[in-house]
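Visitor: Please take a close look at one part of this model, a single helix and the way it packs against its partners. I should also like to hear about the surroundings and about any unusual backbone geometry elsewhere.

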Amino acid sequence: MNAPVLAPGAAENVTSSRRSPTMRWSRTFIFTLRQDPSDAEVVSHRLMVRAGLISKLATGIYNYLPLGWRVLQKLQAIIREEMNRAGSSELVLPAVQPAELWQESARWFEYGPELLRIKDRHQRDFCFGPTHEEVITDIVRRSVTSYRQLPVSLYQIQVKFRDEIRPRFGLMRGREFLMKDAYSFHSSADDLDHTYRAMEEAYRRVFARCGLSFVEVEADTGNIGGSESHEFMVLADTGEDAVLSCSECGYGANSEKATTGALAPAPPWPLESPAAPKPVDTPEQRTVDEVASFLGIAPSHLIKTMIFETDTEFVAALIRGDLEVNEVKLKNLLGAVHLQLASEQKIEQVTGAPQGFAGPVGLSGARIVADETVMELPAAATGANRTDTHLVGVVPGRDFTPVQVADLRRARAGDPCPRCPGQLVERRGIEVGHVFKLGTKYSSKMKCNFLDHEGREHPMIMGCYGLGVGRTAAAAIEQNHDQRGIIWPLPLAPFEVLLVLLNSDQPDVVAAADRLYQELADAGVDVLYDDRSERPGVKFNDADLIGFPVRVVVGSRGLADGQVEISLRRDGVKRMVKLADTVAEIERLLEQLRIHLEA
RNA sequence: CGGGGUGUAGCGCAGCCUGGUAGCGCACCUGCCUUGGGCGCAGGGGGUCGGAGGUUCAAAUCCUCUCGCCCCGACCA
């Protein structure tokens, strides 16, 4: 059970140290910070910088220092094993990619400023790859032509670059970042599904092996496009994404995607129902709450009319006053590439009234779409498209007819589950993995075709699977830390064991620690030897800050009784062990930690 | 992209308002001392005060421009 957990890099180091131990703190490049960096907001960022794992070079761009790189290497080793197990082959693609490929897929035009575009000396356009669908599709179309050669599954671990609007939180949301991305190509949807399930399983195994608590949720496919998508979220209060999950069944979804069961209907319409909508003066009453209390009705009796603009048109999205529009759902319904709320001036231009008084009745300058719950209202109030005026007694279907009716609601905690009688709960999560069924979006544009058994040509059906390496390491820290520092899960720790030498001025103590280090190295233990002549407090604090799972202390006090002290970072319990039994005891503890992880 | 803030030694900061020879803590170097939770004493090195221009006898300090960085916002009629 030893071997699979060790990274190849780590194993090499251990092997070489067998001959001449070099994993001495004094000879490595580890520098911790006594003070918190002034710019770190979240724990993982703060601790990674303080512990000397990373340092910042520019906004959203970090150096991976030796200790941090060991963590990432171990994580990569786990990812490689699981990807290989899932039948994917590793390769490495260029970071810099020619514009032509991106123009073929049209993403050169669709991608915003997030795509870092660069020119070479001949003024030819390139970009620094934020992802690699185009490149991989190009590779596969050059070589694969027959259904007999499918499926194909390829992956790489690569540095990517996305020029984020606002990079923050260290490795959590950097501009340059390390990512594992995989792509698969198929001759049928069933075959894609097979690989997709295998990838989901691989991801579950990766995160479980890292000792992380995570959930898999349904996700929106976003700009990448496709039919089915799941995200893997490490649960943490500092997570940037909201996930909704059912307390009863297994349903879970990104808040962009989440649907709800039937919502409670609005209370009975409290006013008379005129044969036609009646204009009512509502001076300065703009918000849902203002208008509702002014008219003496419930917020759910109001039809909120939100004016959006897409690349091609204006859209009036109707939603019950007590609910909110989910822009992602709206965007998908419209098939729009860009969608944003219209500015105040544009609202006036479209509706003829200032913000707060828009309504669907008689509105002609915008495409009207409505949430399902709007159409269920027997009567409602809306803006009148006139300053300080609302219409009361509007009947959906009679007084206006939307072009489309769909689920446009944002699901919220407490809403009924769409699959069972349970309720949805909301939690924060860090997106560490994302799998997509892409379909033929790229293959058809880029003519990545194959011939079926009857000799007919079809575009290949694709899947893509991303896993943020740096972000997963950061998420591990968000989930595993205390006041003193990081508490690494064993599989991700830069070293599994830290051997601490105290009393470096006493030759017999040094000799004992040196000997123990040699023995541990010989036994293949992943150990770092803190041989510095620092004071004990400094060493202990560094050990806690970096978070080595096992700490072994050799000092004159214990040595007087022929003993050393062993403790686990997780519980801090100190136990004295005979010098002669130390290696065996450490191996026993490590084994225990591994078993603990399986459970 | 909008708003706010900030840039002074490797790190964390004061000094700026009210212009007059650049400071503190940590880190670093030397010596002594000390060694089971960030010792102690003494001595020492290190900064064109982000950059450019301007005002002034004199600018870290005031003015203009510029660059970097940080925070908030760009989510609801």
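Guide: A crossing of two helices is called right-handed if the near helix is turned clockwise from the far one by less than a right angle, and left-handed if it is turned anticlockwise. The model is predicted, and the part chosen here is helix 4, which spans residues 66-85.

The first partner to consider is helix 8, residues 189-209. The axes of helix 4 and helix 8 come within 9 Å and cross at roughly 155°. Angles over 145 degrees count as roughly antiparallel, and helix 4 and helix 8 are therefore roughly antiparallel to each other. Their crossing is right-handed. On the helix 4 side, the residues that meet helix 8 are Ile78, Ile79, Glu81, Glu82, Met83 and Arg85. Helix 8 contributes Met199, Ala202, Tyr203, Arg205, Val206 and Arg209. Sorted by class, this contact has seven nonpolar residues and five charged ones, with no polar residue.

Ile78 deserves separate attention within helix 4. With a relative accessible area of 2%, Ile78 is buried, because buried means under 20%. When neighbours within four places in sequence are left aside, Ile78 is in contact with Val206, Arg209, Cys210, Pro491 and Leu492. Of these, Val206 and Arg209 belong to the helix 8 side of the packing described above. A further distance refers to Leu192: the C-alpha atoms of Ile78 and Leu192 are separated by 24 Å, and the two residues are 114 residues apart along the chain.

The second partner is helix 14. The axes of helix 4 and helix 14 come within 10 Å and cross at roughly 110°. Angles of 65 to 115 degrees count as roughly perpendicular, and helix 4 and helix 14 are therefore roughly perpendicular to each other. This crossing, too, is right-handed. Helix 4 makes the contact through Val71, Leu72, Leu75, Gln76 and Ile79, and helix 14 through Val469, Gly470, Thr472 and Ala473. By class, the contact of helix 4 with helix 14 has six nonpolar and three polar residues, and no charged residue. Ile79 thus takes part in the packing of helix 4 against helix 8 and also against helix 14.

Helix 14 (469-479) leads on to Asn480, which lies in the loop between that helix and strand 25 (497-501). Asn480 is buried, with a relative accessible area of 10%. The side chain of Asn480 reaches back to the backbone oxygen of Ala476 at 2.8 Å. Beyond neighbours within four places in sequence, Asn480 is in contact with Leu212, Ile486, Ile487, Pro489 and Arg570.

Some backbone features elsewhere complete the account. The peptide bond from Leu150 to Pro151 is cis, with omega near 0°, and Pro151 is placed in the loop between helix 7 (133-143) and strand 7 (152-161). Ala106, in the loop between helix 5 (99-104) and helix 6 (107-110), has phi near 75°, a positive value in a residue other than glycine. At 19% relative accessibility, Ala106 counts as buried. Asp388 likewise has a positive phi, near 55°, and is found in the loop between strand 18 (380-386) and strand 19 (389-394). With a relative accessible area of 22%, Asp388 is partly exposed.

Terms used: Residues numbered from 1 in each chain as written. Chains lettered and ligands numbered in written order. Predicted model: local features only at pLDDT ≥ 70, side-chain atom pairs only at ≥ 80, totals over all residues. Heavy atoms only, no water. Helix = DSSP H or I, 4+ residues; strand = E, 2+ residues; numbered from the N terminus. Buried < 20%, exposed > 50% of the residue type's maximum accessible area, 1.4 Å probe, protein only. Polar contact = N/O pair within 3.5 Å; in protein donor to acceptor, adjacent residues only side chain to side chain. Contact = heavy atoms within 4.5 Å. Axes fitted to C-alpha atoms, helices over the stretch in contact; angles between N-to-C directions. Parallel < 35°, antiparallel > 145°, perpendicular 65-115°, else oblique. Nonpolar A, V, L, I, M, F, W, Y, C, P; charged D, E, K, R; others polar.
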